[in-house]
Number of protein chains: 2
Amino acid sequence: MSAVRLLDELSHAPQQSEWLDTILKGDCVAALDRLPEKSIDVIFADPPYNLQLDGDLHRPDQSKVDAVDDDWDQFASFEVYDAFTRAWLLAARRVLKPNGTIWVIGSYHNIFRVGAKMQDLGYWILNDVVWRKTNPMPNFRGRRFQNAHETMIWASRDQKGKGYTFNYEALKASNDDIQMRSDWLFPICTGAERLKNENGDKLHPTQKPEALLARIMMASTKPGDIVLDPFFGSGTTGAVAKRLGRHFVGIEREQAYIDAANERIDAVRPLDGAALTVLTGKRAEPRVAFVSLIDTGLMLPGATLYDARKRWAARVRADGTVAVGDSAGSIHKIGAQVQGLDACNGWTFWHYERSGGLTPIDELRRIARLGMERAGA
Amino acid sequence: MSAVRLLDELSHAPQQSEWLDTILKGDCVAALDRLPEKSIDVIFADPPYNLQLDGDLHRPDQSKVDAVDDDWDQFASFEVYDAFTRAWLLAARRVLKPNGTIWVIGSYHNIFRVGAKMQDLGYWILNDVVWRKTNPMPNFRGRRFQNAHETMIWASRDQKGKGYTFNYEALKASNDDIQMRSDWLFPICTGAERLKNENGDKLHPTQKPEALLARIMMASTKPGDIVLDPFFGSGTTGAVAKRLGRHFVGIEREQAYIDAANERIDAVRPLDGAALTVLTGKRAEPRVAFVSLIDTGLMLPGATLYDARKRWAARVRADGTVAVGDSAGSIHKIGAQVQGLDACNGWTFWHYERSGGLTPIDELRRIARLGMERAGA
DNA sequence: ACGCGCAGTGAATCATCCC
DNA sequence: CGGGATGATTCACTGCGCG
């Protein structure tokens with residue numbers, strides 16, 4: 001199966017069924033250009049780290065670069081890498097949805113050039129995330145620090161791309177209720193997870209651990225999202241996407257990697273839906289207007305609200321506003337005003353008296369939501 | 001004392017005695033241009049990060065974050081910032097000895113541009129080193145990962161600059177006889193170490209911890225070496241250099257910072273040689289998050305957890321939360337909820353089935369911790 | 001002396017919906 | 001599209017006052 005040939009042969013724009021959950025064979029820019037624009041939720045890219053670009057971009061191999069002592073020649077090599085980087089980042093940006101995000105992983109050899117180019121092209125960096133390796137290769141010559149991490153850049157398509165997916169609450173809950181940091185600790189890919197060729201040697205030189213991709217997808221995608229990997233290699237992105245109930249699109253040039261990745265992905269069993277449910281917070285809850293508490297009888301006009309320490313009292317009015325002295329307005333506005341603040345969450349600030357104690361009106365909102373669910377609202 | 005005026009007035013090349021262990025006042029490029037070429041062993045540079053902040057940021061308690069909005073961090077565009085970066089990196093390279101090295105610290109806002117420019121100018125990157133903060137500022141809005149690290153680039157002047165100083169053995173000896181890694185753990189600069197102005201507020205918005213500079217100098221300088229800092233600020237580089245028996249050269253524009261730094265450095269007493277080896281970074285106790293059990297395959301999504309008496313059962317989800325009925329959350333939150341308590345240690349409350357019996361998941365944490373300790377989690 | 005509670009703070013690119 | 005309304009959100013540590 002060589003899906004990219006299929007795409008090339010088509011005169012019409014390819015249908016999603018022709019590229020979804022598929023490895024496209026060929027150059028990543030050419031393949032990206034055949035995909036519809038704004039069709040991808042998240043991109044994970046593990047681009048070549050050095051100037052040794054196989055195929056179209058023939059350059060001196062590493063030993064030759066080492067021998068070069070002319071600054072201009074070195075600069076020329078960087079220029080080629082920069083042009084390559086610009087081309088695929090541009091093509092990737094076209095297929096990304098407006099609220100999509102991209103992850104790029106690299107080392108100090110290339111990540112600075114990649115990051116600068118991403119900024120130049122309009123990507124908006126959200127975080128750089130460090131993958132700390134529990135078992136990095138030692139520095140054998142003792143001339144540098146042990147290179148014990150790699151760097152990932154997480155960016156949205158646009159500066160205004162505010163609607164990107166970030167499963168903050170789930171990450172926090174999975175991390176002892178402390179928000180997830182920008183430094184992650186994972187072992188490198190070894191053992192049974194590492195794909196081997198017929199000689200028993202590693203199939204791919206830079207196979208990434210599935211746990212790393214799982215963290216990325218659990219953080220920045222929803223079930224059913226489409227994750228594209230333009231440097232698919234041994235197919236870690238596809239294997240993890242399938243397991244986690246996400247769709248994938250892979251782009252890869254070498255048939256040997258494509259074959260191994262297809263076999264690997266075929267063997268993956270997806271998790272069932274219940275195990276894939278992502279914890280969401282208040283943000284995802286349906287909005288409840290304060291006035292609807294009055295509409296449903298949970299709150300009566302004329303009732304009195306207090307802050308937690310009973311320093312202020314507000315009177316509930318039939319129109320869903322509250323009044324303190326001469327001022328009236330929303331629970332938020334008045335809450336902010338009495339405290340002399342710019343903003344206030346009235347739902348948690350104001351309380352009502354119940355059996356002698358004070359209860360936040362947020363409790364009434366919770367009850368109202370239950371009623372809405374039962375009504376199928 | 002204003003040494004830069006002295007240098008400007010001289011027709012002859014300034015003598016070392018006229019700039020060594022001195023703060024030069026003025027623009028960093030102009031000051032660097034007045035120094036003799038190939039005279040500096042190591043440069044530490046903490047340039048403006050070019051933060052592009054949009055509006056105020058408030059903590060959840062509505063207090064306002066004191067942002068870095070100083071004039072010196074304002075640049076009209078990436079082009080302007082790149083030109084600034086190129087200019088000072090070029091001037092810095094001229095004064096660096098052929099076997100000298102340079103450290104530059106930054107965040108994702110600027111470090112990629114700086115790193116790419118360093119490569120363009122012929123610097124040869126030896127490592128990128130991550131400063132992991134033990135106590136970073138949280139992400140208050142829950143829209144990104146907590147920005148918990150900064151990045152340093154360590155580079156030699158030239159690709160062939162093989163004779164640079166790297167105290168491999170000393171670092172290894174100070175690190176429990178394990179090679180020093182590229183990720184370092186230090187607290188941010190607070191408390192008594194943080195310089196205050198007459199109002200009791202922080203004098204400088206970005207004062208770096210002395211421990212960080214000490215690690216840098218212990219790694220890449222010898223006693224008696226000359227360390228130059230073109231963005232001297234509150235003078236951390238000078239204070240640490242003097243304490244460790246190195247010479248410093250500072251360049252700074254603002255007189256208030258120069259005065260404070262001079263006073264600070266005057267108060268420093270140099271250590272004798274024997275005391276110089278004890279400066280190791282603080283190690284955090286290895287924290288194991290529940291999600292890392294899933295990451296390492298010790299726990300599978302979809303698995304069932306029980307309390308010790310099997311009164312409750314919880315389902316493990318791929319996002320690292322657990323679910324009982326309609327409720328989901330962290331192992332601690334859900335453990336507390338089923339018992340009707342305010343708090344619960346999920347590690348000891350929840351168990352998994354193994355060979356017929358129930359074992360606390362804390363046992364899995366113990367196993368996971370073994371794999372993480374080597375990396376100084 | 002010691003513990004506890006409360007306030008303060010650190011290089012921050014920190015919203016989304018509805019009309 | 002802009003503007004107004006809604007209302008979601010914090011970790012580690014220091015220092016001070018009080019009991």
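Biologist: What makes helix H5 of chain A largely enclosed by the rest of the structure?

Modeller: Bear in mind that this is a predicted model. A residue counts as buried when its relative accessible area is under 20%. Nine of the ten residues of helix H5 (residues 111-120) of chain A are buried, so the helix is largely enclosed by the rest of the structure.

Biologist: Which residues of H5(A) are buried, and what follows the helix?

Modeller: The buried ones include A:Phe112, A:Arg113 and A:Lys117. After H5(A) comes A:Gly122, which has a positive phi, near 105 degrees.

Biologist: How do you know that B:Lys208 is buried?

Modeller: Its relative accessible area is 7%, and the cut-off for buried is under 20%, so B:Lys208 is buried. You will find B:Lys208 in the loop between strand E6 (183-186) and helix H6 (210-220) of chain B.

Biologist: What makes the link between B:Lys208 and B:Thr206 a polar contact?

Modeller: The side chain of B:Lys208 reaches the backbone oxygen of B:Thr206 at 2.9 Å. Such a contact needs N or O atoms within 3.5 Å, so this one qualifies.

Biologist: Let's turn to the rings. Why is the pair of A:Phe166 and A:Tyr168 called tilted?

Modeller: A search of the whole structure finds 37 aromatic pairs over all chains. In the pair of A:Phe166 and A:Tyr168, the centres are 6.2 Å apart and the planes make 50 degrees. Pairing asks for centres within 6.5 Å, and stacked means under 30 degrees while edge-to-face means over 60, so this pair is tilted. Both A:Phe166 and A:Tyr168 are buried.

Biologist: And why is the pair of B:Phe290 and B:Trp347 called edge-to-face?

Modeller: The planes of B:Phe290 and B:Trp347 are 65 degrees apart, with 6.2 Å from centre to centre. An angle over 60 counts as edge-to-face, so the name fits. The pair links distant parts of the chain: B:Phe290 belongs to helix H9 (residues 290-295) and B:Trp347 to helix H11 (residues 346-349) of chain B, 57 residues apart. B:Phe290 and B:Trp347 are both buried.

Biologist: Which residues do ring pairs link into a cluster?

Modeller: Among them are A:Trp103, A:Phe166, A:Tyr168 and, from chain B, B:Phe145.

Biologist: How do you know that the charged end of A:Lys310 sits over the ring of A:Tyr306?

Modeller: That charged end is 4.6 Å from the ring centre. The distance limit is 6 Å, and the charge must also be within 35 degrees of the ring normal. The charged end of B:Lys133 sits over the ring of B:Trp131 too, 5.1 Å from its centre.

Biologist: Now the DNA. Which residues are closest to DNA strand D?

Modeller: The closest are A:Tyr168, A:Lys172, A:Gln179, A:His332 and A:Arg365, out of 34 residues that surround the strand. Sugar and phosphate account for 61% of the strand's atoms that come within 4 Å of the protein. H6(A) gives the largest share of the nearby surface, three residues.

Biologist: What makes A:Gln179 a polar contact of DNA strand D?

Modeller: One of its backbone N or O atoms lies 2.9 Å from a phosphate oxygen of the strand. The limit is 3.5 Å, so this pair counts. In the side chain of A:Trp347, an N or O atom is 3.1 Å from a phosphate oxygen. B:Phe140 instead places a backbone N or O atom 3.0 Å from a base oxygen of DNA strand D.

Terms used
Residues are numbered from 1 along each chain as its sequence is written. Chains are lettered from A and ligands numbered from 1 in the order in which they are written. This is a predicted model: local features need pLDDT of at least 70, side-chain atom pairs count only at pLDDT 80 or more; totals for chains, interfaces and linings use all residues. Side-chain values use heavy atoms; hydrogens and water are left out. Rings of Phe, Tyr and Trp (its six-membered ring) pair if their centres lie within 6.5 Å; planes under 30 degrees apart count as stacked, over 60 as edge-to-face and the rest as tilted. Buried means under 20% relative accessible area, exposed over 50%, partly exposed in between (1.4 Å probe, protein chains only). Helices (H or I, at least four residues) and strands (E, at least two) are DSSP runs, numbered from the N terminus. A residue is near a molecule or strand if one of its heavy atoms lies within 4 Å of it. A polar contact is a pair of N or O atoms within 3.5 Å; within protein, one must be able to donate a hydrogen and the other to accept it, and residues adjacent in sequence count only if both atoms are side-chain atoms.
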